[in-house]
Amino acid sequence: MTTLKESLIQTTCAYCGVGCGVDVALTDNQPSLLEGMPEHPANYGRLCVKGTHLLDTISNDNRLTAPEINNKQVSWSEASHYVASEFGKIIAEHGPDAVAFYVSGQLLTEDYYIANKLMKGYIGSANIDTNSRLCMSSAVAGYKRAFGEDVVPCDYEDLEHTELLILIGSNAAWTHPVLYQRIARAKRMNPNMKVVVIDPRRTDSAELADRFLQIKPGTDAALYNGLLRYLADNQQLDNDFIEQHCDDFASALAAVQPWTIAAVARYCELDTHLLSQFYSEFANSASAISFYSMGINQSTSGVDKCNAIINAHLASGKLLKKGSGPFSITGQPNAMGGREVGGLANQLAAHLEINNVQHQSLVKRFWQSPTIATQEGAKALDMFDAIRDGKIKAVWIMGTNPMVSLPNTHEIAKALTACELVVVSDCVASNDTLEYAHVKLPSTGWGEKEGTVTNSERRISRQRAIIAPFAEAKNDWQILCDVAKKMGFNGFDFTQPSEIFDEWARLTSFENNGTRQLNLSALVGMSTRKYNALRPIQWPCIANDSYQYGQVFSQNQFSTANKKARFIAITPQLPKQVTSTEYPLVMNSGRIRDQWHTMTRTGKSATLSSHITRPYIEIHPQDASQLGINNDDLVQAISKVGDVIANAKVTDSLRAGECFMPIHWNQQFASSANVGKLYATIADPISGQPETKFTAIKLLPVTFSQYMNVFVAKQCSCHANVTSHSDYWLKVNASNCSQYQLAFNDAVPDILHWCQQISGIKGQWSGFYEGTTQRIQCIANGRLVFVAMISDTQVTTSIEWINHLFSEPALNFTQLQSLLTATPDEEFSQGRQICSCFKVREKPIIDAIKAGTHRVDELGQQLKCGTNCGSCKTELSQLIKRHALAKGQQIDVLITV
Ligand SMILES: Nc1nc2c(c(=O)[nH]1)N[C@H]1C(S)=C(S)[C@@H](COP(=O)(O)OP(=O)(O)OC[C@H]3O[C@@H](n4cnc5c(=O)[nH]c(N)nc54)[C@H](O)[C@@H]3O)O[C@H]1N2
Ligand SMILES: Nc1nc2c(c(=O)[nH]1)N[C@H]1C(S)=C(S)[C@@H](COP(=O)(O)OP(=O)(O)OC[C@H]3O[C@@H](n4cnc5c(=O)[nH]c(N)nc54)[C@H](O)[C@@H]3O)O[C@H]1N2
Ligand code: SF4
Ligand SMILES: [Mo]
């Protein structure tokens with residue numbers, strides 16, 4: 001009898017900046033089970049729905065197998081030689097600033113460190129920037145202005161010790177779900193804890209809120225200016241803290257004088273009473289946290305918004321104390337690691353400054369490098385402008401998909417088309433950016449890589465490999481080191497990530513002398529064995545220090561020259577992409593619960609793709625009725641720079657005049673649903689972070705002559721053909737087939753012929769015709785391979801049902817009949833999937849609510865929904881509110897999330 005070999009690997013989730021620890025059980029070296037790591041201080045065993053389904057996304061589908069030059073496979077040696085020599089030629093002819101790296105908060109610290117070292121210390125330019133520019137750069141600049149260093153002064157534990165938790169510009173219920181669950185639990189344990197949610201949209205995060213402030217977009221700085229004035233007017237300042245530990249209070253106070261409660265209420269379009277309750281709660285709570293994210297940062301005045309928040313915490317002394325502080329939450333798994341190693345074009349490394357001569361010398365001596373960058377490089381938007389204008393002639397893009405995520409996609413396409421050399425390192429074989437690559441380099445992805453990441457609370461955790469690299473994929477640090485060596489540089493002879501980490505840790509402590517909080521001296525000199533066994537650890541972690549690891553700004557000593565924090569005088573600014581009579585509506589953008597960014601990973605999971613199956617534009621009922629738009633209608637959103645098409649979702653969770661669209665869909669999944677196309681290239685003047693939460697649009701209803709739902713078996717080779725032969729398309733992946741929702745300006749004259757032509761499938765075709773409704777299907781070797789359903793309005797058919805039919809070895813008569821009449825089996829007509837873990841759909845949940853179950857936990861007991869990762873609990877709570885009240889019943893039991 002053979003026994004199975006069992007083992008356990010502890011790693012860190014691939015997705016958000018919460019940085020949850022993950023336990024992966026291996027059976028005979030194959031991942032067999034994934035769970036939250038019980039002892040990881042970020043999650044203590046919890047995982048959200050994305051983390052829970054990580055194993056679904058390690059597939060060999062759509063992977064880049066070998067390096068390619070101009071779409072021809074080449075050896076690694078050839079590829080790295082080519083990149084090195086082409087970069088070398090351009091640098092020799094045009095200087096180091098003619099090349100650039102555009103990197104990502106999804107690289108590991110070791111990858112990031114090498115990329116930065118190569119660009120700033122060897123090539124000698126600071127043209128390395130990262131997608132964190134679109135994400136964290138305003139938060140970085142805000143902390144730097146106030147504290148003299150980019151240091152987040154809070155820990156997750158603070159969330160459990162606060163009296164007042166303010167979620168501002170964050171939809172943590174969907175974007176940082178494990179932290180949201182920690183907050184929900186803290187609130188249950190401490191009924192006096194209050195939660196305030198500040199967002200122009202009533203999001204799922206508002207489910208926990210004692211107070212919801214539906215703020216006018218872009219006005220957050222005025223809200224916090226008003227708070228500072230309120231604190232001063234009501235003798236709620238911490239005068240000792242201000243005097244002993246802060247500078248420039250007088251000018252900040254002078255700047256907030258116009259911001260009376262009445263003025264703020266007018267400007268932010270908030271109720272005066274609600275506002276004064278919020279201010280008084282902040283003033284009277286012993287502790288308070290402002291938990292902020294993209295609703296603050298992605299703005300042309302994002303840095304000022306951050307400092308307005310920090311000002312209020314400094315003035316009330318509500319920071320560096322348990323349960324208090326201005327807590328910027330990072331988005332990507334290693335956005336923080338990138339900030340540490342210098343992944344931004346305006347920093348050096350290890351929190352050292354690029355325009356400081358001593359810092360330049362320090363880093364150069366440490367690296368013993370031939371050169372060092374002495375001035376800021378091009379920030380992301382400027383970088384792509386410079387590429388378009390021919391000033392930057394070669395760009396190497398690693399771990400990010402700028403054709404989707406940068407604003408004004410049209411201009412990015414122009415830049416990449418004009419660029420002499422575009423190198424892209426990615427795990428996938430196709431995404432919107434790879435279409436422009438001259439050189440494609442296959443990288444290892446999550447589950448294959450070894451290294452470290454730092455989460456939102458400055459905690460460093462190991463990502464460990466659970467499977468072997470796919471095909472010829474290499475780790476990003478190795479690809480970079482190979483190219484560096486071929487460019488003739490010393491200093492890249494690493495054989496293990498542990499060696500890179502050691503050099504990095506030494507740099508943080510080199511000539512530090514307490515001047516920088518970022519200090520990893522306790523981790524210097526670790527053997528590979530120790531590095532491999534490294535437990536999650538928070539910085540600062542200083543060898544032989546009397547303070548415990550993770551404690552920042554001890555004794556309220558900040559990183560400025562005189563050790564004092566700085567108040568910043570803030571004059572609030574409104575967004576720059578203003579509405580007009582031609583473009584009367586505002587478009588906001590953000591995330592949905594089960595998709596990650598440009599869907600290269602989560603889009604592969606049928607489970608994650610069934611929570612929300614298509615892109616949508618949220619519209620307020622008032623605007624919808626004015627424009628004659630109904631729920632589910634296809635609409636086109638047009639801004640000054642671009643346009644998109646998606647289905648309308650009419651909802652009063654928005655303010656009138658405002659719309660919202662998810663960021664995830666792109667050219668791989670839809671003909672025109674990338675919301676980035678609508679935003680102009682306008683950024684915060686200090687941080688360079690683009691304004692991607694606010695642009696002016698108009699909406700037009702769109703109609704086509706004919707609509708078609710096509711389902712194609714996974715193994716068919718006609719997928720690209722289907723989309724290229726329609727005027728509008730949307731793709732949804734399931735396990736056995738893909739669904740295409742198509743539309744045509746001119747009706748297809750002969751549908752059967754069209755299906756046969758574009759699919760190229762030789763099989764048994766049959767059809768059902770009734771007026772304009774037509775259904776076609778094809779069976780090959782006994783199995784269903786192609787289905788088309790045509791109508792003159794857009795009707796979408798349940799993909800789960802058809803997907804199930806695709807899995808059947810032979811369809812029976814009833815199934816064939818049901819296909820032709822488009823009547824799904826009972827189990828597939830249960831509505832939207834709410835609980836992705838147990839696949840619980842909307843209808844049974846609503847039935848249970850109507851039958852009297854009015855508690856989230858009781859729904860869980862009956863139907864299992866919400867009892868695994870808990871990510872759907874806010875939606876369950878909303879369903880209870882909606883359907884219990886719809887029957888005129890009172891909810892007599894408190895809804896606990
Ligand atoms: N499911 C999922 N989770 C993710 C990600 C993902 O792709 N999917 N991505 C990760 C990354 S990289 C990031 S950066 C984070 C982002 O995490 P969040 O910032 O929480 O997510 P967003 O949905 O981008 O935006 C948050 C909210 O800001 C609001 N907002 C817009 N304008 C304003 C404003 O002017 N003022 C205020 N107060 N609010 C405003 C929006 O309505 C939105 O609800 O999520 C991380 N987690
Ligand atoms: N309108 C609008 N635009 C936005 C935002 C918004 O809220 N609104 N949010 C912005 C924010 S906060 C962010 S963070 C960005 C995110 O935007 P992107 O960074 O462009 O999005 P991802 O889909 O995460 O792209 C990551 C790419 O790296 C690849 N990849 C994954 N792991 C690895 C690896 O280990 N190595 C390599 N080499 N490649 C890897 C993936 O396959 C994928 O192609 O979008 C920004 N854009
Ligand atoms: S909250 Fe979810 S996505 Fe974020 S790290 Fe944890 S499991 Fe991963
Ligand atoms: Mo982000």
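**Exercises on two bound ligands**

In this predicted model, the space that ligand 1 takes up is the second largest cavity.

**Exercise 1.** Determine where ligand 1 lies with respect to the domains, and how far the protein buries it.

*Solution.* Begin with the surrounding residues: there are 34 around ligand 1, and Asp199, Gly218, Asp220, Arg591 and Gln595 come nearest. Next, sort the shell by character, which gives 10 nonpolar, 16 polar and 8 charged residues. Then consider the domains: domain 3 (137-328) and domain 4 (585-701) both contribute residues to this shell, so ligand 1 lies between them. For polar contacts, a side-chain N or O atom of Arg591 is 2.6 Å from an oxygen atom of ligand 1. A nitrogen atom of ligand 1 lies 2.7 Å from a backbone N or O atom of Gln595. Finally, ligand 1 taken alone exposes 910 Å², of which the protein buries 99%.

**Exercise 2.** Determine which domains ligand 2 lies between, and what share of its accessible area the protein covers.

*Solution.* Of the 31 residues around ligand 2, those that come nearest are Gln106, Asn131, Ser405, Asp426 and Thr598. The shell divides into 9 nonpolar, 17 polar and 5 charged residues. Both domain 2 (69-135 + 334-496) and domain 4 (585-701) give residues to the shell, so ligand 2 lies between these domains. The side chain of Gln106 places an N or O atom 2.7 Å from an oxygen atom of ligand 2. A polar backbone atom of Gly399 is 3.2 Å from an oxygen atom of ligand 2. The last step concerns area: on its own ligand 2 has 920 Å² accessible, and the protein covers 97% of this.

Conventions:
Residues are numbered from 1 along each chain as its sequence is written. Chains are lettered from A and ligands numbered from 1 in the order in which they are written. This is a predicted model: local features need pLDDT of at least 70, side-chain atom pairs count only at pLDDT 80 or more; totals for chains, interfaces and linings use all residues. Side-chain values use heavy atoms; hydrogens and water are left out. A residue is near a molecule or strand if one of its heavy atoms lies within 4 Å of it. A polar contact is a pair of N or O atoms within 3.5 Å; within protein, one must be able to donate a hydrogen and the other to accept it, and residues adjacent in sequence count only if both atoms are side-chain atoms. Accessible areas come from the Shrake-Rupley method with a 1.4 Å probe; for residues, only the protein chains shown count as cover. On a 1 Å grid over the protein atoms alone, a cavity is a set of points where a 1.4 Å probe fits but cannot get out, and a pocket is an open set with protein on both sides within 12 Å along at least five of seven lines; lining residues have an atom within 4 Å of a point. A molecule sits in a cavity or pocket if more than half of its atoms lie within 2 Å of its grid points. Ala, Val, Leu, Ile, Met, Phe, Trp, Tyr, Cys and Pro count as nonpolar, Asp, Glu, Lys and Arg as charged, and the others, Gly among them, as polar. Domain bounds come from an automatic or database domain assignment.
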